Every structure is written in structure tokens, then in C-alpha cells.
Amino acid sequence: MMENGGAFGCLFRRKPVDAARQKPATQQLARKLSLFDLTAIGVGATIGAGVYILVGTVAREHTGPSLTISFFIGGIAAALSAFCYAELACRCPSAGSAYHYSYVCIGEGVAWLIGWALILEYTLGGAAVARGVTPNLASFFGGVDKLPSILARQTIFGILVDPGAAILVIIITALLCTGIKESSLAQAIITTINISALGFIILAGAYLGCKTGWSGYEVSSGYFSFGVNGLLAGSATVFFSYIGFDIVASTAEEVKNPQRDMPLGIGIALSICAILYMLVSAVIVGLVPYYALDPDTPISSAFAGYGMEWAVYIITAGAVTALCASLIGAIIPQPRILMAMARDGLLPSFFSDISKHTQVPVKGTIATGIFIAILAFVMDVSQLAGMVSVGTLLSFTVVALSILILRYVPPDELHYLPSDQQSNVGQHLDALGTDMAERPLLQKDIAQDKLRKRKTAAWSITMVCCGTLVVVAAISTEGLSSILCFILSGIGGMVVICCLTLLHSIDQVDTKERLTKSGGFMCPFVPFLPVACCLINTYLLVNIGAETWIRVLIWLAVGVIIYIFYGRGHSLLLDDVRRPTTRTDDDHADTTLS
């Protein structure tokens, strides 16, 4: 292990600096969130207005009547990442979410890139959601041309501006500054309205379907109209509709009982979303044949076809509240990630300031809201929407890898955390050193055996990543001959299988015992589940598109420059601020791993 590093060490060298740069004590976030609050935040952030459009697009182009199965498969794929998040969220209950997990388990360099990618995700995601409110509001006023001038889009100096989007962002930013409990209450109310609208769609649609005989399922092409390939393509598309449960992890530092409530909050939120998605899709594709669905307004047009034009107001109300809930979900995590990065010295301390009155990062929230409001006001970010998915998938992948590292190559020391938020990980990782200190005659043999297992596990994890990349690249590369594709995917697959078998044979009982002493959730089926998660996320990342990747790489390059010229020189790791574990002879041996 590199000094001050995670399991694989920090990616960049560190050097000691003056003690004057030590992290001062700061006001802490308020622990006020309950399980109900977490569920409301998770459901609200996940169920966006996209479901009101997605059912029509995916059914017409990919799945046909089997859209419900695609939502089920997409939910299972999202659940793999949710399992990984659930364990890390209750073991490392910090506001940094995926940034913090990668900081502890992998190193500062990777953590910075993940945090920088998440900033991009939440900024663009928030701006895109805000820009979607105005067209939906127009339905209440009878058309875009009848909107009040203060809300209607206007052209200024050749730029189509959206004042309504900016006003909504400012209002929500002001709400989030009042406190996390107040914010979660507002999110719960808005989400309840959205769920009520979806409940109307399900119940009214089921009534119409039973009354008319579910004509949408009586198509000549059958239930699986586009075959297995179409079903899987639809699953890959609807997978992104489950993004949002990870936002729950960013509030871990404000939860009353994170070890119990974080895994439950993530699991319940994802389950509710999956059930609602499947029920809505089952009803809509049953009411109207998939090829007759309106790609822009599939749900309202389906009800209008049965003489229920008035239902458009209920559906629009659901879409507007869904957008508002998604916007809250996009703004909540960003100031907390900025705060976590500032605590580690990677960003100015301005972002780590917490209000003494509301106990939330007000300065970071205001800065985030202003930037998103400006972006939503002057720029149509719809063409940049793919960049949002990259940040999410990168964080999902790193979280899955962090589970493997924590189980097989755990860090020997925990980096600086807030004073009231010392992670349970560091406490449990002390156990092995203490146990060995009580058996000095066995220290040498145990140290050598531990070193050998860690080296084997580290190489196995590395080769699993390489094999996964080879398999995904072979499958996704267009123009590759079938023989070469078969050979490359076969080689990559064998590497993954062999390394998985090797990892499975390595005993992780000691790690499990240390991690389970204080209770909490443990990700099942390790190492298979995290590797499956990495495989799915890598496939989706590779197939996002070259133009999107070019934009993302430019953003990441800017982040690397900022890290080199600011973050690296101000990092708290340079101050040797850490929580050391009990040192034994085998700890010296572990330093050779990296």
C-alpha cells in the first residue's frame, strides 16, 4: 500500500507541507433524515418526467408489448449497483457518495475524477430538467403562446432563453437553503402528487383495458415483437430511468441512523420506482397497439383515444411535479459533493462552509443553484444529455470496484473524515492488527500469507477489469469480423471467469467479520455481483457515442488541470492527516503491494 493511500494507493505522489494547513473544525450537517425522508428523496429523484414519454419511444422502436419485461430487466441491472451503494453507504456514511467511496478504497486521483464527473452530471441534469418545465406548463394555459411572458421562452440576441426554468431553479435553491428536513418534506409532498398521477394512470388505464379487452396486446407480431435483441435494447434504454437512487447516498451524513436506513432507503426507493414503471408500461401498451403510440405524448394520447381528453391535466400535473422532484434531486447532492471535496482540500474551503442556522452547505447550494439557473436560462442542453449518463455510469462502476477492493484488498488506514463522521470501515480494519499483536509468534507467517492473498486478489481484480474491457470492446465494435469478435470475447470472457474463480477461492471471512461487527447491510454474491455490475455499466459506457465521449474527455481534462494546479497542492493528504490503524509487522509488508 502506498503511504496515505487507498487499497491501490493514490494515483499521485504526495509530499508533507506545513502544519498550518491542518483542517480546522467545522460546523457539521444536521442529522434529521428518517427512512421516510430518504425514500421520498430517492423516489422523487428517480421518477422524472421521462417515464411519461419513454413508454412510447421504447415500445415503438425496441420492445413492442414486452416493454414491461424491459423495465423489469432494467430494474434488475440497476439493483446490482444499488446493492453496492447500500453497503458502502452504511459503512462510509459521508456526504461525498461515490467520490468518498473511491477516495477511501482507490485513491485521491480517481476520486477527484469521479467527483468532477458527478459535478457535470448534476449540473447538466438539473439544467435539462428545468428546461423541460415550460413546455409542460404550457398545457395548463392552452398552449405555449398563452403562457405569461415571465414564463414563456423568448429570443434575445439570437439566443432562445427560458426565464421560467431559471425562476424554478432559484425557487428550489432557496428552498434547499432552509434546511434538509424542510427540503425532504417538500420533496415528499411533490413526489406524492406525482405518484398520485401515476396511480390514476394505472387504475383508470386498467379499468379501460378490462372494459375494452386490452387491444394493445392483440397484435400480429406477438408479445415479443422485436425479439430478444429488441427486448435487451429496450432494457438498456430504460435502465437510465432508474438513475436517482444514488442521490440518497449523498445525504448519508444527515441521516439519523445511516447503518439501518441507508440500505433500506435505497432499496425501497428503487423497488417503488420499478413497480410503478412496470404497471404504467403494462397499462399503456395494453390500451393502444405499440405502433400507434404517440412518441411525444403516449400516455395522454392513449387516454384521449378513449374519450378522456380531460385526463391530460392530471397527466401534465404529474409530469410537472416529476420535473420539480427531479430538479430537487439534481441540486441536493452537488453542494454536498463539493463540500466533501473541499474538506479534503481539493476545492476552496468556501464550499465546505456549513450554515450554523440551517446546518446545510448554504454557500455551495447557492453557487450550484446560480450556475444551473444561468445554464438553464441561456442554453438548450438537450444535446448534452448523454454526458449526464457518463458521470452516472462511471460512478456506478467505481462503486462496484470499491466493493471488491474493500472485501479483498481493504485499505490499511482511513483518510480524513468529518469529526462526527469517522467511518466504521476504519474501526473494523483495526481488528486484524490488534488480533495479530496478541499472537507475536504467528505474526511473520500471517503477514506473508496476507501479503500473498492481497497480491493475488489485487491482480485478479485488475485482470477482471481488463477482461471486461476486452469483452465489451469486441461486442460493441462495429465492422469487426465475427471470427475476431468471437476470439476476443472468448479470451476476455475466459480471463474474467478464471479471475472470478480465483477471487471466489480467496477467503474473505476476516474482512466480513470486521465489517459485520456493527451490523449493517452487506452486498451479496461478492465477487460475482460487483463484476456483473461493472460489465453492464462498461457496456453502456462504450455504447454511449463518440461525440459524447469527446465532450466528456474535454471536461475531465479540465478537471485534471485544476487538480494538478490546485487540488494536488492543497490536498489534506499532504498534511499527513489520517486515522492510522494499529501498526504491526505485517503492515510494513503490505506497503509492498503498490
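This is a short talk about the helices, salt bridges and buried residues of one chain.

Hi everyone, and thanks for coming. Before anything else, please keep in mind that what you have in front of you is a predicted model.

Let me begin with the whole chain. It has 594 residues, and 56% of them count as buried. The secondary structure comes to 22 helices and 4 strands. How much of the contact list comes from residues 24 or more positions apart? Taking the contacts with a separation of 6 or more, such residues account for 85%.

Now to some helix pairs. The first one I picked is H6, residues 133-141, with H12, residues 311-331. Their axes come within 9 Å of each other, and the crossing angle is roughly 155°. Angles over 145 degrees count as roughly antiparallel, so that is how H6 runs relative to H12. As for handedness, the crossing of H6 and H12 is left-handed.

Which residues meet there? On the H6 side we have Val133, Asn136, Leu137, Ser139 and Phe140. On the H12 side they meet Tyr313, Thr316, Ala317, Ala319, Val320 and Leu323. By class, this contact has 8 nonpolar residues, 3 polar ones and no charged ones.

The second pair is H2, residues 51-63, with H3. The axes of H2 and H3 come within 10 Å and cross at roughly 105°. An angle from 65 to 115 degrees counts as roughly perpendicular, so H2 is roughly perpendicular to H3. Here Leu54, Val55, Val58, Ala59 and Thr63 of H2 meet Leu67, Ser70 and Phe71 of H3. The classes in this contact are 6 nonpolar, 2 polar and no charged.

While we are on H3, which spans residues 67-91, let me point at serine 81, which is found in that helix. Is serine 81 buried or exposed? Its relative accessibility is 1%, so serine 81 counts as buried. Leaving aside residues up to four places away in sequence, serine 81 touches Phe245, Phe396, Cys533 and Asn537. If you have the viewer open, those four are good ones to click on.

Next, the charged pairs. As a reminder, side chains of opposite charge can pair when their charged atoms come close. How many salt bridges does the structure hold? There are 7, and I will walk you through some of them.

Let's take aspartate 37 with lysine 181, where the closest N and O atoms are 2.5 Å apart. Aspartate 37 sits in H1, residues 35-46, and lysine 181 in H8, residues 180-212, so this salt bridge ties together parts 144 residues apart in sequence. The two partners can also be looked at by accessibility. Aspartate 37 is buried, at 5% relative accessibility, whereas lysine 181 is partly exposed, at 31%.

Then there is glutamate 253 with arginine 343, with 2.9 Å between the closest N and O atoms. Glutamate 253 is in the loop between H9 and H10, arginine 343 is in H13, and the two are 90 residues apart, so the pair links distant parts of the chain. How accessible is glutamate 253? It has a relative accessible area of 1% and is buried. Arginine 343 counts as buried too, at 5%.

One more salt bridge: aspartate 353 with lysine 363, its closest N and O atoms being 2.9 Å apart. Aspartate 353 is in the loop between H13 and H14, and lysine 363 is in H14 itself, so this pair ties together parts 10 residues apart in sequence. Aspartate 353 is partly exposed at 31% relative accessibility, and lysine 363 is partly exposed at 40%.

That brings me to H13, my last stop. H13 covers residues 333-343. How many of the residues of H13 are buried? The count is 11 of 11. Among them are Pro333, Ile337, Leu338 and Met341, and also two arginines, Arg336 and Arg343. What do the buried residues of H13 pack against? Their neighbours are H4, H5, H8, H12 and H14. You will recognise H12 from its contact with H6, and H8 as the helix that holds lysine 181. After H13 comes glycine 345, which has a positive phi, near 85°.

That's my tour. I'm happy to take questions!

Definitions and conventions. Residues numbered from 1 in each chain as written. Predicted model: local features only at pLDDT ≥ 70, side-chain atom pairs only at ≥ 80, totals over all residues. Heavy atoms only, no water. Axes fitted to C-alpha atoms, helices over the stretch in contact; angles between N-to-C directions. Parallel < 35°, antiparallel > 145°, perpendicular 65-115°, else oblique. Left-handed = near helix turned anticlockwise from the far one by under 90°. Contact = heavy atoms within 4.5 Å. Nonpolar A, V, L, I, M, F, W, Y, C, P; charged D, E, K, R; others polar. Salt bridge = Lys/Arg side-chain N within 4 Å of Asp/Glu carboxyl O. Buried < 20%, exposed > 50% of the residue type's maximum accessible area, 1.4 Å probe, protein only.
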